[in-house]
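Let's take a friendly walk through one protein model, starting from a single residue and working outwards. Keep the sequence and the 3D view at hand as you read.

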Amino acid sequence: EPIRLRARRAAGGVRVEVVDRGPGIPPEDATRIFEKFGRGSGGKKVPGVGLGLYLSRRMVRSHGSELTLETKRGEGSAFGFDLEAVR
């Protein structure tokens, strides 16, 4: 399952997204996966302890943005954030 990185111009900056074509994330897990040690509730076991998205969200917030999730069951997920362009 390939992962794509997208970057595009957005209002006042750039939108960065990491997109996959995986199984999607169940709505009940959409908040949990961003918590410290948070893991999805179902599906296959994957390695890790549940810190990746927690730390990613903290880093993005430290730059004044928010890590977002768009997901559709059976179609995949997109994690993204906006960064302000400074000249």
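S65 sits in the loop that links α1 (52-62) to β3 (68-72). Helices (H or I, at least four residues) and strands (E, at least two) are DSSP runs, numbered from the N terminus. The model is predicted, so local features need pLDDT of at least 70 and side-chain atom pairs count only at pLDDT 80 or more, while totals for chains, interfaces and linings use all residues. Residues are numbered from 1 along each chain as its sequence is written, and side-chain values use heavy atoms, with hydrogens and water left out.

Is S65 buried or exposed? S65 counts as buried because its relative accessibility is 13%; buried means under 20% relative accessible area, exposed over 50%, and partly exposed in between (1.4 Å probe, protein chains only). Leaving aside neighbours within four places in sequence, S65 is in contact (heavy atoms within 4.5 Å) with V60, F81 and D82. With D82 there is also a short distance to look for: a polar atom of the S65 side chain lies 2.7 Å from the backbone oxygen of D82.

Now look at the helix before this loop. Y54, R57 and V60 of α1 are buried. Seen down the axis of α1, these buried residues fall within an arc of 130°, so they line one face of the helix; the arc is that of the directions from the helix axis to the C-beta atoms. On the other side of α1, R58, M59 and S62 are exposed. What covers the buried residues of α1 includes β4 (76-84). Just after the helix, G64 takes a positive phi of about 80°.

Next come the strands, where two strands pair if DSSP finds at least two bridges between them. The table lists two pairings.

| Strands | Sense | Bridges | One bridge pair |
|---|---|---|---|
| β1 (residues 3-10) and β2 (residues 13-20) | antiparallel | 8 bridges | L5 and V18 |
| β2 and β4 | antiparallel | 7 bridges | E17 and G80 |

The hairpin of β1 and β2 has 2 residues between the strands, and in this hairpin G12 takes a positive phi near 75°.

Finally, find E35 in the loop between β2 and α1. E35 is partly exposed, with a relative accessible area of 42%. Not counting residues up to four places away in sequence, E35 touches G50 and Y54. E35 and L55 are 20 residues apart in sequence, and their C-alpha atoms are 9.0 Å apart in space.

Methods:
Polar contact = N/O pair within 3.5 Å; in protein donor to acceptor, adjacent residues only side chain to side chain.
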